[in-house]
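Below are some notes on the model for your reading. They are set out as numbered points, to be checked against the coordinates.

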Amino acid sequence: MTEFQHASLLLSRRVFLAASGATLGTLVLPSVLRAQDATVLKYALSAYPPGLDPFRHEGAAANAVKLQIFRGLLGLDAEGKVASELAETWDETGTDYTFHIRKNAVFQNGEPVTAADVIWSIEQILKEGSTAYFVEDLKVISKMTAIDDKTVKITLSAPTPAFTKLLATPYVPILSAKAGMEKPVGVGPYKIAASEEGVSIDFEAFEGYYKEGFPKTKKLKMIAYKDESLRVAALESGDVDIIEYVPWQSMGKVENEPSLVLQETTGPNMVINFNVEQAPFNDARVRQAVAYAIKREDIVAAAFYGRGKPLFGLPLDENSEVASDKTKNLWSYDPDKARALIKEAGVEGKTVKLLSSSTYSMHQDTSLVVQQHLNAIGLVVELDLPEWGARVAQGNKGQYQFAINGTSTAINDPDGLTAMIGSGAATYKRSFGYSNPKLDALLTEGRHEMDPAKRKATYEAVAEVVQQDVPLCPLTFRTQGFGLRKAVQGFHTLVGSSSGYTGFGLEDVMLG
């Protein structure tokens, strides 16, 4: 396909989106949403969750659901700071952390939450063959002891500044040991009352929730809208109260509508992951060529309508304490250098398939720009655009050559890079099969370093390895938006890398 054809395809998509945006009020919405009920908080998901495995990363939509039924020892408050969840208080002294479990905490099956459940849950993450997202991160745990039924002590093998931040994500929930893993039972503010596969999930408040007076809305309905225009139309018509992933072409419209509110943050990013077990991306020169070939400003313009910025270095939060010119400026737009690397690697004219998704326009539009620029330096790029669930499954199994990914560090700490570029269990969130002992050693050093200056130097050394080996190709920071009706009270978008965990706060939301 020629560059002109690529540009025409992107323009045609833009024209369609603009036209659909102008006629949103006339679109036919699912009949399931037409009946209004002020006692039900209605939340529009960007995709139906591909799974609800408590320990795996399955996307932002899945996190929004999981955070209603599962919680861990710690969580995040409205400002994105580590806060109490099951652990009412905790003490930390170097490598020892003692968590005091709320006395009124019970699972959704009525069983009390005990220290034994905490230990059992973390053991499931760490067991042999685990596919948990944080299996590598939590190997720093050397010992867990039940002091009594409501007190658990966790000892680490080395100081780890980010440890409580890891526990405050959706990926370390505490589950009922009695219920087991076949049908896991959590402690979240809502219970699933009913679901229609691929369409919606109905929740009802868990009356035994450990926070008195929460959740503030007793019923919650999450409806999947894979079509972005329909998602915005549902918000405009009042069929839903909150939507995630406001499409970038609609942000201005939501901002300017008197009955609506746009909450946005910058921090998530777009990257390319590689399957390094297959040619040609098992060759670092080809991965370097990709990093130099793409004009990232074009992605910001085409996929995000100018709401974002190019990303030329490590995908850290912009306010990261280790960020510097040495971590931010690893590549530049240099198509001549990219062509030379492709020729040197002997892959000029080779056909490669780029995995993306038809579910999110940001993924599809990013892939179109990447395709254009890589075709221009000598590769022949074909697109694979399955719906989101299939895209996640292919990524987890390594059924791709290279892939567009929307991501961020799992925590606002440089140690969050470990889950993206370090060795570990297969997940669509990292390059398939990638492992670099030198990089792993630096990431481990950075994880345990307590001196801020030394820690910064370590991550600058990480950047040097990443520049040469390209375990992933960063593309852009993007603005992330939630749209809500003005009647919604108490909703807070978390900032930066924590934006995907905004579901923590749904228990605070009321309809005015």
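**Notes on the model**

1. P280 sits in the loop that runs between β12 (260–274) and α7 (284–293); helices (H or I, at least four residues) and strands (E, at least two) are DSSP runs, numbered from the N terminus. The peptide bond joining A279 and P280 is cis, with omega about 0°. This is a predicted model, in which local features need pLDDT of at least 70 and side-chain atom pairs count only at pLDDT 80 or more, while totals for chains, interfaces and linings use all residues. Residues are numbered from 1 along each chain as its sequence is written, and side-chain values use heavy atoms, with hydrogens and water left out.

2. Confidence is given as pLDDT (the predictor's confidence in each residue, from 0 to 100). The chain average is 91, and 93% of the residues score at least 70. Residues 1–35 have a pLDDT below 50, and this stretch makes 49 contacts in the model beyond near neighbours in sequence; contact means heavy atoms within 4.5 Å. Where pLDDT is low, the predicted coordinates should not be read in detail.

3. A second cis peptide bond runs from F214 to P215, with omega near -5°. P215 is placed in the loop between β9 (200–205) and β10 (219–224).

4. The strands on either side of that loop are paired: 5 bridges join β9 to β10, and the two run antiparallel. Pairing here requires that DSSP finds at least two bridges between two strands. S200 stands opposite I223 in β10. On the other side of the register, β8 (residues 190–196) is joined to β9 by 6 bridges, again antiparallel, with F203 of β9 as the bridge partner of I192. The hairpin of β8 and β9 has 3 residues between the strands, and G198 in this hairpin takes a positive phi near 80°.

5. An open sheet is formed by 4 strands in the order β4-β5-β7-β6, with antiparallel pairing. Its edge strands, β4 (87–93) and β6 (141–148), each pair on one side only. Neighbouring strands of the sheet are turned by 15° against each other on average, direction ignored. Helix α3 (residues 115–126) packs on the sheet and touches β5 (96–101), β6 and β7; the direction of α3 makes about 160° with that of β6. Axes are lines fitted to C-alpha atoms, for helices over the stretch in contact, and angles run from 0 to 180 degrees between N-to-C directions. Between β6 and β7 (residues 151–156) there are 6 bridges, and V152 in β7 is the bridge partner of A146.

6. Y245 has a positive phi of about 50° although it is not a glycine. Y245 lies in the loop between β11 (242–243) and α6 (251–256).

7. There are 3 cavities of 30 Å³ or more in the structure, and the largest cavity has a volume of about 380 Å³. Y245 appears again here: of the 34 residues that line this cavity, the closest to its centre are G59, A60, Y245, R478 and G500. On a 1 Å grid over the protein atoms alone, a cavity is a set of points where a 1.4 Å probe fits but cannot get out, and a pocket is an open set with protein on both sides within 12 Å along at least five of seven lines; lining residues have an atom within 4 Å of a point. Grid points are joined across faces, edges and corners, and a volume is the space filled by probe spheres set on the points.

8. The largest pocket holds about 330 Å³ of space. It is lined by 21 residues, of which G80, D317, N412, V495 and S498 are the closest to its centre.
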